[in-house]
Amino acid sequence: MSNHKVKIEEYYAECNRDYEIVWQLKESLALHLGYWDENTLTNRQALWNMNFQIARHAQITKDDFVLDAGCGVGGTSLFLANNIGCKVRGISISSSQIEKAKSNKQKLDKNDLTDFSCQSFYNTNFEDNTFDVVFAIESALYSETKDVFLKEAFRVLKPGGRLIVADWYFRTPQNESEKENTRRFAKTWAVDHFIYEKEYLEDLKEIGFKNILLDDVSKNVFPSVKILYRSYFPGIFISRISNFFGKRKASQVENSKSGKYQYLTYKQGAWKYKYLLAFKPSNNEKQFSDFNEYMKDDLSIKPFIDTEKFKDRFPVVGKNGFSVRNMFKRIMHFYLERNIVKN
């Protein structure tokens, strides 16, 4: 097992609690940013919307066979299975994530459309030309050599199949401050180096992908970035004290800093958050000038509108009496999400 793989596994195992607290992981099943539009009310709704946008931008149908490359705890795979009805295979190098994904499958996958396995997206056990769609939401950045994942995705895609990568696409740092903030951002998430857009596009073309489309949705994810930035201030204070008393590890302290450096690099223009779609060539391939031309069909999915109040989501008084934990949760999420968007 490579040191890089160990580092990633340890990061997600040690920092899982942080995602449960700030990102409501047990309910949202999301380890990614949210997509905010004019109808988005809360972070939970934005996280749901990100899954919807992946399906929409890749035009996934019930007849597609889909690979979730870096599936986390299975949230997007289960979303696609339950809302679209397609078969999905989810993979991750994190054994703890796969255990949670399998547990979530038992509770949520009533039609048995998903399957989860612990394997690397560098070298999967799937045969050539297996999938109609391969997608990676904020997982491709963990590839040490970025083109290795792209080559494997190309191999397992059917002719005419499509790859969609939702991620941060960085530019070459313009100054030392931007370079240092980018380095620190990567360290907080156990990333060796981020995706640089120019080189990534060159890799895609060299591997053989055609008709590459990009959609810049940076403004749509920025409210999530602001929530993570807000979480930095109490998070780093609590993490450092807990670390002093041996209750948190160094990686958890670093993770508490991620909101700060993600926000700073955004403000410096170091990255754009984009959906990238690329096609494996086929005899019947079509050409599209942009996403608007490609996304011609609306998905027949009823949107999730989150109207639940914090007092209902985190009841302070319940069957077991007064809940101090829920009181703090209510205060924290009110602080994180209050006026995050103007609607």
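Which helix supplies the largest share of the lining of the largest cavity? I shall begin there, and then turn to the pockets and to two individual residues. Please bear in mind throughout that we are looking at a predicted model.

The answer is H6, which contributes 3 residues to that lining. The count of cavities of 30 Å³ or more comes to 1, and the largest cavity holds about 60 Å³ of space. Its lining consists of Tyr12, Asn16, Tyr19, Leu25, Leu31, Val73, Ser96, Gln97 and Lys100. Sorted by class, these are 5 nonpolar, 3 polar and 1 charged residues. Besides H6, helix H2 also supplies at least two residues of this lining.

Let me stay with H6 for a moment. The helix covers residues 95–108, and its 14 residues should span 20 Å at 1.5 Å a residue; the C-alpha atoms at its ends are 20 Å apart, so expectation and model agree. Which residues of H6 are buried? They are Gln97, Ile98, Ala101, Asn104 and Lys105. Viewed down the axis of H6, the buried residues fall within an arc of 120°, and they therefore line one face of the helix. On the face turned away from that buried side, H6 carries the exposed residues Glu99, Gln106 and Lys107. Gln97 thus appears both among the buried residues of H6 and in the lining of the largest cavity.

I turn now to the open spaces. The largest pocket has a volume of about 730 Å³. Its lining comprises 29 residues, and those nearest the centre of the pocket are Asp18, Ile21, Val22, Ser231 and Gly235. Five helices each supply at least two lining residues: H2 (16–22), H10 (218–244), H11 (250–256), H12 (258–267) and H15 (324–337). Of these, H10 provides the largest share, with 6 residues. The lining divides by class into 17 nonpolar, 8 polar and 4 charged residues. Helix H2 therefore deserves a second look on the screen: it supplies at least two residues to the lining of the largest pocket, and at least two to that of the largest cavity. The second largest pocket has a volume of about 500 Å³. It is lined by 34 residues, with Gly70, Cys71, Ser92, Phe121 and Ser139 nearest its centre. Two or more lining residues come from each of helix H1 (3–14), helix H5 (75–83), strand E2 (87–92) and strand E4 (131–137). H1 gives the most, with 4 residues. By class, this lining has 14 nonpolar, 16 polar and 4 charged residues.

Two single residues remain. Is Ser224 buried or exposed? Ser224 lies in helix H10, the helix that gives the largest share to the lining of the largest pocket. Its relative accessibility is 0%, and Ser224 therefore counts as buried. The side chain of Ser224 is joined to that of Asn43 by a polar contact of 3.5 Å.

The other residue is Ala278, placed in strand E8, residues 271–279. Ala278 is likewise buried, at a relative accessible area of 0%. How far apart in space are Ala278 and Leu214, C-alpha to C-alpha? The distance is 9.0 Å, while in sequence the two residues are 64 residues apart.

Technical notes. Residues numbered from 1 in each chain as written. Predicted model: local features only at pLDDT ≥ 70, side-chain atom pairs only at ≥ 80, totals over all residues. Heavy atoms only, no water. 1 Å grid on protein atoms, 1.4 Å probe; cavity = no way out; pocket = protein on both sides within 12 Å on 5 of 7 lines; lining within 4 Å. Points joined across faces, edges and corners; volume = space filled by probe spheres on them. Nonpolar A, V, L, I, M, F, W, Y, C, P; charged D, E, K, R; others polar. Expected span 1.5 Å × (residues − 1). Buried < 20%, exposed > 50% of the residue type's maximum accessible area, 1.4 Å probe, protein only. Arc of directions from axis to C-beta. Polar contact = N/O pair within 3.5 Å; in protein donor to acceptor, adjacent residues only side chain to side chain.
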